[in-house]
Amino acid sequence: MNLRSSVDIITEWDIVAARQLGRNEAKEVGFGTVDQARITTAISELARNIYLYAGKGNIEIKQIAEGNLKGLLVIASDKGPGIPDVRKVMEDGYTTSGGLGAGLPGVKRLMDEFKIDTVVGEGTTISATKWLR
Amino acid sequence: MNTEIATYIRDNVEEILEKWKIKMEDEKDDRFFQIMSDQVIDITVHEFGELMISSLTEERETYKMKINDFSEKIVRYGWSISFVLKALSNFTEVIYERMEEVGYFKKGDKLSFAELYTNWITPLNYSIVDAYTKVWEKTVQLQKIALQELSASLIPVFEKISVMPLVGTIDTERAKLIMENLLQGVVKHRAEVVLLDITGVPVVDTMVAHHIIQAADAVRLVGAKCMLVGIRPEIAQTIVALGINLTDFTTTSTLQRGVEQALALTNRAIVEVNSK
């Protein structure tokens with residue numbers, strides 16, 4: 001099983017499209033309403049980061065399986081400015097845009113696995129997984 | 001040359017349209033032929049033919065009006081623009097083939113075809129695309145206005161108590177509108193307590209929370225108190241996971257409880273009246 005679908009993030013409304021897709025996929029995998037809300041919120045954060053900081057990028061949503069475990073993998077990628085200090089952005093309350101600064105650490109808490117690959121000047125790829133229990 | 005083609009089309013319109021219809025049915029996207037009744041197809045096809053003739057013979061203005069009417073109609077029918085453009089180029093091909101057969105053009109005379117295309121079809125393409133997008137733009141514009149009208153109204157429910165029900169996605173533009181309406185409404189209705197009801201907001205992420213917090217701060221500045229109501233259980237859990245601090249707010253799960261608390265804050269209560 002390796003179903004994948006993706007949404008390009010260019011305008012603010014694409015964020016809505018991305019999380020709608022995420023919600024549908026999460027429903028399909030069999031997540032309950034709380035986990036659906038967690039996943040959609042995480043996608044919303046990641047997509048908004050792309051929109052705010054990189055301008056454009058892509059959200060890819062994959063249904064994955066490992067043994068008996070089913071899950072959903074969200075990959076947010078962009079060719080934006082990159083993140084100079086990853087440790088700092090994972091601190092609660094750190095923000096460069098005047099927001100709450102809860103986005104990325106929040107996503108980490110909402111999901112089960114979380115990984116950032118970023119190169120300054122080249123872009124950022126964030127993958128986050130939620131497993132169905 | 002133009003009048004020549006026009007006369008030709010007019011004289012052989014049935015035959016051309018029949019051929020064109022066969023060609024169009026070959027297209028993969030034959031949705032239009034499936035949904036539409038034969039009668040409607042017949043009328044539309046003839047209108048299309050008329051339009052093609054009109055583009056050659058009539059005044060720019062009349063023909064422009066016709067194109068607009070036609071575009072409006074096809075948008076209503078739900079044709080895709082690629083389908084319409086395909087129809088147009090098929091129509092040209094049919095005519096060219098027919099004219100070649102009867103000897104208007106020499107066989108393989110690509111030059112006259114190119115001429116025909118640039119002078120007649122390309123402007124027609126432009127006009128159709130233009131009219132088509134205009135109709136769509138109008139639709140989108142109207143929907144945007146309709147959405148805005150729905151988006152954030154402050155309702156005075158009791159003296160000193162107002163409710164703003166939020167339904168749907170909150171983007172930056174709407175957040176601005178919410179803030180404006182909220183502050184204006186608070187002053188206008190002399191509200192002391194404002195309840196922000198987020199029952200209908202599908203996702204509360206940090207941006208939405210940020211806007212709500214800002215709105216509440218602003219409400220405090222004009223001398224009222226803001227309460228957040230309608231927090232569904234799954235939203236409560238995501239807010240906690242995101243680590244959003246809402247301790248400055250009074251929050252409740254339902255609007256009803258919120259109203260009760262708001263009444264208590266303004267030293268009032270709803271009591272049952274003994275009817276006997």
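## Exercises on a predicted two-chain model

For residues 34–133 of chain A, UniProt lists "domain: Histidine kinase/HSP90-like ATPase", in an unreviewed entry. The model used in these exercises is a predicted one.

**Exercise 1.** Describe the span 34–133 of chain A by its secondary structure and by the separation of its ends.

*Solution.* Start with the composition: the span is 33% helix and 36% strand. Then take the end C-alpha atoms, which lie 12 Å apart.

**Exercise 2.** Find which residues touch the most other members of the largest nonpolar core, and which element gives the core its largest share.

*Solution.* The core holds 67 residues, and those touching the most other members are A:Leu46, A:Ala47, A:Ile59, B:Val194 and B:Leu196. Next, look at where the core comes from: helix 2 (residues 33–54) of chain A gives the largest share, 8 residues. Now zoom in on A:Leu46. Leaving out residues up to four places away in sequence, A:Leu46 touches A:Ile59, A:Val74, A:Ala76, A:Val107 and A:Ile126. Finally, do not overlook the second, separate core of 19 residues, with B:Ile74, B:Val75, B:Phe91 and B:Ile95 among them.

**Exercise 3.** Work out how chain B meets chain A.

*Solution.* Begin with the count: 17 residues of chain B are in contact with 21 residues of chain A. On the chain B side, helix 9 (206–221) and helix 10 (233–242) each supply at least two residues. Helix 10 of chain B provides the largest share of that side, 6 residues. Sorted by class, the chain B side has 7 nonpolar, 7 polar and 3 charged residues.

**Exercise 4.** State how chain B is divided into domains and how far apart their centres are.

*Solution.* The assignment gives domain 1 (2–149) and domain 2 (155–265). Taken over C-alpha atoms, the centres of these two domains of chain B are 53 Å apart.

**Exercise 5.** Analyse the hairpin of strand 1 and strand 2 of chain B, then classify B:Lys160 and B:Asn267 as buried, partly exposed or exposed.

*Solution.* Strand 1 (residues 155–158) and strand 2 (residues 161–167) of chain B pair in the antiparallel sense over 3 bridges. Within this pairing, B:Ile155 stands opposite B:Val163. There are 2 residues between the strands, and B:Lys160 takes a positive phi near 75°. B:Lys160 has 19 other C-beta atoms within 10 Å, so it is partly exposed; buried would require 20 or more.

Turn now to B:Asn267, in the segment after helix 11 (255–265) of chain B. Its phi is also positive, near 60°, in a residue other than glycine. B:Asn267 is exposed because 7 other C-beta atoms lie within 10 Å, and the limit for exposed is 12 or fewer.

How values were computed: Residues are numbered from 1 along each chain as its sequence is written. Chains are lettered from A and ligands numbered from 1 in the order in which they are written. This is a predicted model: local features need pLDDT of at least 70, side-chain atom pairs count only at pLDDT 80 or more; totals for chains, interfaces and linings use all residues. Two residues are in contact if their C-beta atoms, placed from the backbone, lie within 7 Å. Helices (H or I, at least four residues) and strands (E, at least two) are DSSP runs, numbered from the N terminus. Ala, Val, Leu, Ile, Met, Phe, Trp, Tyr, Cys and Pro count as nonpolar, Asp, Glu, Lys and Arg as charged, and the others, Gly among them, as polar. Two strands pair if DSSP finds at least two bridges between them. Domain bounds come from an automatic or database domain assignment. UniProt positions are given in the numbering used here, feature names are shortened, and annotations may be inferred rather than shown by experiment. A nonpolar core is a set of buried Ala, Val, Leu, Ile, Met, Phe, Trp, Tyr and Cys residues joined through C-beta atoms within 7 Å.
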